[in-house]
Every structure is written in structure tokens, then in C-alpha cells.
Amino acid sequence: MKHSILSFTLIVLVTLSSLGRDRLYIENFNIDAGETLRVPVILLNDTAYTGLQTDLYLPAGLTLEMEDDEYIIDLTSRKDNSHTVASRLMEDGAIRIYISSVSAKEFTGNSGAIMTLSITAAGEFIGEAMIQLKNSICAESIGTRHVLKDEICHVNPNEVPGIVGDVNGDGEVNIADINAVIDMILSGTPREKGDVNGDGEVNIADINLIIDMILNQ
């Protein structure tokens, strides 16, 4: 009896360990204001799945492109010909995405992108945002459902070499950059470009350095 209980416990632990490695996620990426990117959604799965659903939460400034009133979501080569994708906007702002197979065909492979999303950054997008995939569920051919953990993707603008002191990115160092640093300090939202002297903080020392740059131009 003890051996039976031990064997059952080991089977459960192995199963839970396997499920814990299954993930549906988006890797961190960079995007500039006004840019549209095809962003892969990656499925890592030890278990063979025939379909999935997930809720996509986009931050302000990022949108999922649409065509003919449908979100642009493309399946990759991991699908079978019987797989189709559908989506709809939920009341809480999430975009729920479904991938299913009428023939209960399994996704091929155990890793790689399962779909791509056409995501556009608004003209005023400044980055440092997060995309969330929540309520992700995968299904086996036998009907068993597996709930995957929620995932977060960090989104930032591309790093573009600029002029030291040009905080607002207009190509010049002037009074506008001083005002930009002041806004960061007063609003409590410092950004990397405001740290002109590179000491890891945005404060009056950065303003003084910009003033010196202007006076010595």
C-alpha cells in the first residue's frame, strides 16, 4: 500500500513539474513611436496541445492592428491546416484570442512562436510599458485543460544614440531640455535621458550640467 501511495505521489509531482514548464509568452522587445511590428507569441510545451486561449492586455499607446474589423493575428507553421484563430474584445479591455482545431490536431514541436501579432505604437508612445498575457489555457486532444501562469512582456523604445543633454530629443541642447528635466523631477517620473551626468538620479545636478552646456556652446 505504501509503495502504491509513493508511486502515485511521484506521478503527480512529475506531472505538476511538467506543467510548470509550459509557457505562453512574449519576449521583451523595443518599438518606436509610430512603428508597427510583427510580435511573436511563443509557446513552450512539454504536453501536446491541440488548442489554446489567452487574454492579451495592451498598455496605452500600443494597439493590435485590425483589417476588415478583425484583429491581425497570424498562425505560424506550428499549426495544422485545421487550426483557426479567432478573437474578440472583452469588457475589461483585454483581447481574448482562441486557437482551435476542428480535427483535434496537435501543434507541431515543443517550442517556438505559435502566432504573431501586428502591434503598432502610437505617435506619442514613449515606451517603458508592459504587455500582459493572462488567463492562458491550453487543451489536449482528450479534452484535458491546463492553466498556464500569467506572463508579462516589457516594451521599450529603441535605443538611439543622441546628444548628451538633449533630453527632449529635438537634436539640440537648450532651455527646453531644462524644462523637460524639471517636469521629470516635479512629476516623480524620472527617465534615463534626464540623468545627464550619469549618476543614476535625475535632480538639480542634471539641470546645472545642461545650463553649463548651453553657456559653453
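Begin with the whole chain coloured by accessibility: of the 217 residues in this protein, 37% are buried, and the model you are looking at is a predicted one. Switching to a cartoon view shows 3 helices and 14 strands. If you then draw contacts, those between residues 24 or more positions apart account for 67% of the contacts with a separation of 6 or more.

Next, select the largest nonpolar core, which holds 32 residues, and within it pick out Ile 26, Leu 52, Leu 56, Met 115, Leu 117 and Ile 131, the residues that touch the most other members. Strands S3 (36-44), S4 (51-57), S5 (62-64), S8 (73-75), S10, S11 (113-121), S12 (129-139) and S14 (151-156) each supply at least two residues of this core, and its largest share, 5 residues, comes from S11. A second, separate core can be selected afterwards; this one has 10 residues, among them Ile 178, Met 184, Val 196 and Val 202.

Return to the larger core and centre the view on Leu 56. Leaving out residues up to four places away in sequence, Leu 56 touches Ile 26, Leu 64, Gly 93, Ala 94, Ile 95, Ile 97, Leu 117, Ile 131, Gln 132 and Leu 133. One of these contacts is also a pairing position, since Leu 56 stands opposite Ile 95 in S10. The two strands S4 and S10 run antiparallel and are joined by 5 bridges.

Stay with S10 and bring in its other partner, S9. Strand S9 (residues 83-89) runs antiparallel to strand S10 (residues 95-101), and 7 bridges join them; at one end of this pairing, Leu 89 has Ile 95 as its bridge partner. Ile 95 can therefore be used as a landmark for both pairings, with Leu 89 as its partner from S9 and Leu 56 opposite it. Of the 7 residues in S10, 5 are buried, and the strand is mostly covered.

Now select the turn that links the two strands. S9 and S10 form a hairpin with 5 residues between them, and in the turn Gly 93 has a positive phi of about 95°. Gly 93, found in the loop between S9 and S10, counts as partly exposed at 42% relative accessibility. A distance label drawn from Gly 93 to Pro 59, C-alpha to C-alpha, reads 9.9 Å, although the two are 34 residues apart in sequence.

Two further residues are worth selecting for their backbone angles. Asp 69, in the loop between strand S6 (66-67) and strand S7 (70-71), has a phi near 65°, a positive value in a residue other than glycine, and its relative accessibility of 72% makes it count as exposed. Ala 104, in the loop between S10 and S11, likewise has a positive phi, here near 55°, while its relative accessible area of 36% leaves Ala 104 partly exposed.

Move on to Leu 133, which lies in strand S12 and was listed above among the residues that Leu 56 touches. With a relative accessible area of 3%, Leu 133 is buried. Leaving aside neighbours within four places in sequence, Leu 133 is in contact with Leu 24, Tyr 25, Ile 26, Val 41, Thr 54, Asp 55, Leu 56, Asp 150 and Glu 151. A label from Leu 133 to Lys 149 gives 8.8 Å between the C-alpha atoms, for two residues that are 16 apart in sequence.

Finish with a pair of helices. Select helix H2 (residues 175-187) and helix H3 (residues 204-215), whose axes come within 10 Å and cross at roughly 180°; H2 and H3 are therefore roughly antiparallel to each other. To display the contact, show the side chains of Ile 175, Asp 177, Ile 178, Val 181, Ile 182 and Ile 185 on H2, together with those of Ile 204, Asp 206, Ile 207, Ile 210, Ile 211 and Ile 214 on H3. Coloured by residue type, the contact of H2 with H3 divides into 10 nonpolar residues, no polar ones and 2 charged ones.

Definitions and conventions
Residues numbered from 1 in each chain as written. Predicted model: local features only at pLDDT ≥ 70, side-chain atom pairs only at ≥ 80, totals over all residues. Heavy atoms only, no water. Axes fitted to C-alpha atoms, helices over the stretch in contact; angles between N-to-C directions. Helix = DSSP H or I, 4+ residues; strand = E, 2+ residues; numbered from the N terminus. Parallel < 35°, antiparallel > 145°, perpendicular 65-115°, else oblique. Contact = heavy atoms within 4.5 Å. Nonpolar A, V, L, I, M, F, W, Y, C, P; charged D, E, K, R; others polar. Pairing = 2+ DSSP bridges. Core = buried A, V, L, I, M, F, W, Y, C linked by side-chain atoms within 4.5 Å. Buried < 20%, exposed > 50% of the residue type's maximum accessible area, 1.4 Å probe, protein only.
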